[in-house]
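Student: I would like to learn how to read a fold from its coordinates. Where do we start?

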Amino acid sequence: MKKDEGIIISLKISPNASKNEIIKSSDGVKVKITAQPIDGKANKCLVEYLSKLFKIPKTSIVILKGETSKEKTLLIKTEDDDKISMIKSVLY
């Protein structure tokens with residue numbers, strides 16, 4: 001969903017994976033991350049992974065909902081239409 005300040009995405013995370021990766025399925029998008037869900041490490045790893053993947057600053061990724069849940073709603077702040085298109089193509 002596009003907002004004025006960027007794009008809002010919903011996804012599930014799966015911590016303790018063997019590698020960081022994005023898996024699309026009929027249930028939606030699942031992001032596997034290597035970090036454990038302890039002391040916010042999984043959230044930090046998720047933000048770092050998406051930041052590198054989409055080539056945007058970590059400060060541009062905000063967890064709106066699901067700080068302690070596997071189901072997360074993120075705001076990716078960017079006004080660059082090319083980046084928004086790239087994010088949509090990877091996640092949807």
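Tutor: Start with a definition. Helices and strands are DSSP runs, numbered from the N terminus. One caution before we use them: this is a predicted model.

Student: Which pattern does the protein follow along the sequence?

Tutor: Read from start to end, the order is β-β-β-β-α-β-β-α. That comes to two helices and six strands.

Student: How do I read the radius of gyration of the protein?

Tutor: Compare it with a rule for globules. For 92 residues, a compact globule would have a radius of gyration near 12 Å. The protein has 12 Å, so the value agrees with the rule. For the dimensions, take the principal axes: the C-alpha atoms fill a box of roughly 35 × 30 × 20 Å.

Student: What share of the residues is buried?

Tutor: The cut-off comes first. Buried means under 20% relative accessible area, and exposed means over 50%. By that rule, 38% of the 92 residues are buried. The accessible surface of the protein is about 5700 Å². Carbon and sulfur atoms hold 49% of that surface.

Student: What about contacts between residues far apart in sequence?

Tutor: Contact means heavy atoms within 4.5 Å. Take the contacts with a separation of 6 or more; residues 24 or more positions apart account for 46% of them.

Student: And how are the charges placed?

Tutor: Compare the mean positions of the two signs. The protein has 18 positive and 12 negative charges, and their mean positions are 6 Å apart.

Student: Now the interior. Which residues of the largest nonpolar core touch the most other members?

Tutor: A nonpolar core joins buried nonpolar residues through side-chain atoms. The largest one here has 23 residues, and Leu11, Val31, Leu46, Leu74 and Ile76 touch the most other members. At least two core residues come from each of β2 (6-14), β4 (28-32), α1, β5 (61-65), β6 (71-77) and α2 (81-91). Helix α1 gives the most, with seven residues.

Student: Take one of those residues. What is leucine 74 in contact with?

Tutor: Set aside neighbours within four places in sequence. The contacts of leucine 74 then include Ile7, Ile8, Ile9 and Leu11. Leu46 and Leu50 are also among them. So are Ile61, Val62, Ile63 and Leu64.

Student: Is isoleucine 63 buried or exposed?

Tutor: Isoleucine 63 counts as buried because its relative accessibility is 18%, and buried means under 20%. Isoleucine 63 sits in strand β5. Beyond its neighbours within four places, isoleucine 63 contacts Asn43, Lys72, Thr73 and Leu74. Threonine 73 is ten residues along the chain from isoleucine 63, with 6.1 Å between their C-alpha atoms.

Student: Asn43 is on that list. Why does asparagine 43 count as buried?

Tutor: Asparagine 43 is buried because its relative accessible area is 9%. Asparagine 43 belongs to helix α1 (residues 41-54). Not counting residues up to four places away, asparagine 43 touches Ile63, Glu67 and Lys72.

Student: How should I read a residue such as lysine 12, between the two cut-offs?

Tutor: Lysine 12 is partly exposed because its relative accessible area is 35%. Lysine 12 lies in strand β2. Leaving out neighbours within four places, its contacts are Val29, Lys30, Val31, Lys70 and Glu71. Serine 69 is 57 residues from lysine 12 in sequence, yet their C-alpha atoms are 8.6 Å apart.

Student: Let us turn to loops. What should I look for in the backbone?

Tutor: Check the sign of phi. Most residues other than glycine have a negative phi. Asparagine 16 has a positive phi of about 65° and is not a glycine. Asparagine 16 lies in the loop between β2 and β3. Aspartate 39 also has a positive phi, near 55°. Aspartate 39 is in the loop between β4 and α1.

Student: Is aspartate 39 buried or exposed?

Tutor: Aspartate 39 is exposed because its relative accessible area is 74%.

Student: And where does alanine 17 lie?

Tutor: Alanine 17 is in the loop between β2 and β3 (21-25). With a relative accessible area of 18%, alanine 17 is buried. Its contacts, apart from neighbours within four places, are Lys32, Ile33 and Thr34. Alanine 17 and lysine 32 are 15 residues apart in sequence and 5.7 Å apart in space, C-alpha to C-alpha.

Terms used
Residues numbered from 1 in each chain as written. Predicted model: local features only at pLDDT ≥ 70, side-chain atom pairs only at ≥ 80, totals over all residues. Heavy atoms only, no water. Helix = DSSP H or I, 4+ residues; strand = E, 2+ residues; numbered from the N terminus. Rg over C-alpha atoms; globule rule 2.2 N^0.38 Å. Buried < 20%, exposed > 50% of the residue type's maximum accessible area, 1.4 Å probe, protein only. Areas by Shrake-Rupley, 256 points an atom, 1.4 Å probe, with all protein chains shown as cover. Lys, Arg positive; Asp, Glu negative; His and termini not counted. Charge placed at Lys NZ, Arg CZ, Asp CG, Glu CD. Core = buried A, V, L, I, M, F, W, Y, C linked by side-chain atoms within 4.5 Å.
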